[in-house]
Amino acid sequence: MAFYQPQPWRVDQTVPNPSAMNWIDSHCHLDALEFDLDRLEIRQAARQLGVVSCVIPAVERANFKAVRDLAHQLQDFYALGIHPLYTGKSQDGDLVFLREEIDRSIDDLRLVAVGEIGLDGWVQSLDWARQVHFYKEQLKLAHDFQLPVILHVRKSADALLKCLRATKVRGGIAHAFTGSLQQAEQFIELGFCLGFGGAVSFDRAHRLRGLLKALPLSAIVLETDAPDIPPKWLYVQAQARSQGQSQARNDSTQLLPIAQVVAEIKGVAMDELARVTSLNVRRVLARMHAQENGPLTPD
Ligand SMILES: [Zn+2]
């Protein structure tokens, strides 16, 4: 595994300097083992580019402690939850443990959501009924603790929306969103923002780019989903992978070049994009906003 090397990326060199703005990576798996060799360097490099905060979602019981510790160490934020792709290996008791963990952490303002939870309709080997069970139970948790949720949406938007109507939560983020405009509007109505990342950098992503263009800026948040979803300029094509090259690792320093693409598609200036998308994250993950109204508990 290579140590961190800054990647070349396009940034408009005209003033104002995007690194002087305040950006939020609303979805970043910084605890992933892909970052074991250079986690702190990566976070520091992103911070120097103006990425003031990262939201680090959990995926299973085994990483609850890691995301909490990391958020405190890096002065970032975290979410606790069981990801749909991890429902196969999770036990029902993990839902009880999750409730206890949230209860224990509820005064910790760095805990900002229940997540990453949701449904995956793409991976065929997953037991759909089990996914739905974990999703519904975690919505109840979010409802009981008055927390927003961070949703994994993949060929599952309608099913996710149906459950959200049955169990009211305080909105949140539908991350790496690729649904239709109609589905996006329904999430927005329920208090959600839609997360956009490296997927919009691909020229062939016509539908996704069209969706991004059609949505109001007030509904958009930026994310990397690092180490996954590498943008176009990092992406290793299938042919190269078939010859043994591994897929590139994404990281939070890529948020700015991704933002550049989003700014171009939306036809807004970078400083406006930084201001509004950061405001949006703090609106839907309201506990992040609380840090501006008083000091967080000491780390
Ligand atoms: Zn994720």
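**Reading strands and a helix face**

Visitor: Which residue in β3 does Ile 56 stand opposite?

Guide: Ile 56 has Tyr 78 of β3 across from it. Do keep in mind that this is a predicted model. That pair belongs to a parallel pairing of β2 with strand β3 (residues 77-80), made over three bridges.

Visitor: How does the chain get from β2 to β3, and what is the handedness of the crossover?

Guide: The route goes through helix α2 (residues 64-73), and this β-α-β crossover is right-handed.

Visitor: And which strand pairs with β2 besides that one?

Guide: Strand β1 (residues 23-25) runs parallel to β2, and three bridges join the two. For one of the contacts to look up, find Ile 24, whose bridge partner in β2 is Ser 53. Here too there is a right-handed β-α-β unit, built from β1, helix α1 (residues 39-48) and β2.

Visitor: Why is β2 largely enclosed by the rest of the structure?

Guide: As a general idea, side chains in a regular strand alternate between the two faces of the sheet. In strand β2 (residues 51-57), six of the seven residues are buried, so the rest of the structure largely encloses this strand.

Visitor: Now a helix, please. Which residues of α5 are buried?

Guide: In helix α5 (residues 157-166) they are Ala 157, Leu 160 and Leu 164. Look down the axis of α5: its buried residues fall within an arc of 65 degrees, so they line one face of the helix.

Visitor: What do those buried residues pack against, and which exposed residues sit on the face turned away?

Guide: The buried residues of α5 pack against β4 (111-120), β5 (149-154) and α6 (181-189). On the face turned away from the buried side you will find Lys 162, Arg 165 and Ala 166, which are exposed.

Definitions and conventions:
Residues are numbered from 1 along each chain as its sequence is written. This is a predicted model: local features need pLDDT of at least 70, side-chain atom pairs count only at pLDDT 80 or more; totals for chains, interfaces and linings use all residues. A residue is buried if 20 or more other C-beta atoms lie within 10 Å of its own, exposed if 12 or fewer, and partly exposed in between; C-beta atoms are placed from the backbone. Helices (H or I, at least four residues) and strands (E, at least two) are DSSP runs, numbered from the N terminus. Two strands pair if DSSP finds at least two bridges between them. A crossover is right-handed if, with the strands pointing away from the viewer, the path from the first strand over the helix to the second runs clockwise. The arc is that of the directions from the helix axis to the C-beta atoms. Two residues are in contact if their C-beta atoms, placed from the backbone, lie within 7 Å.
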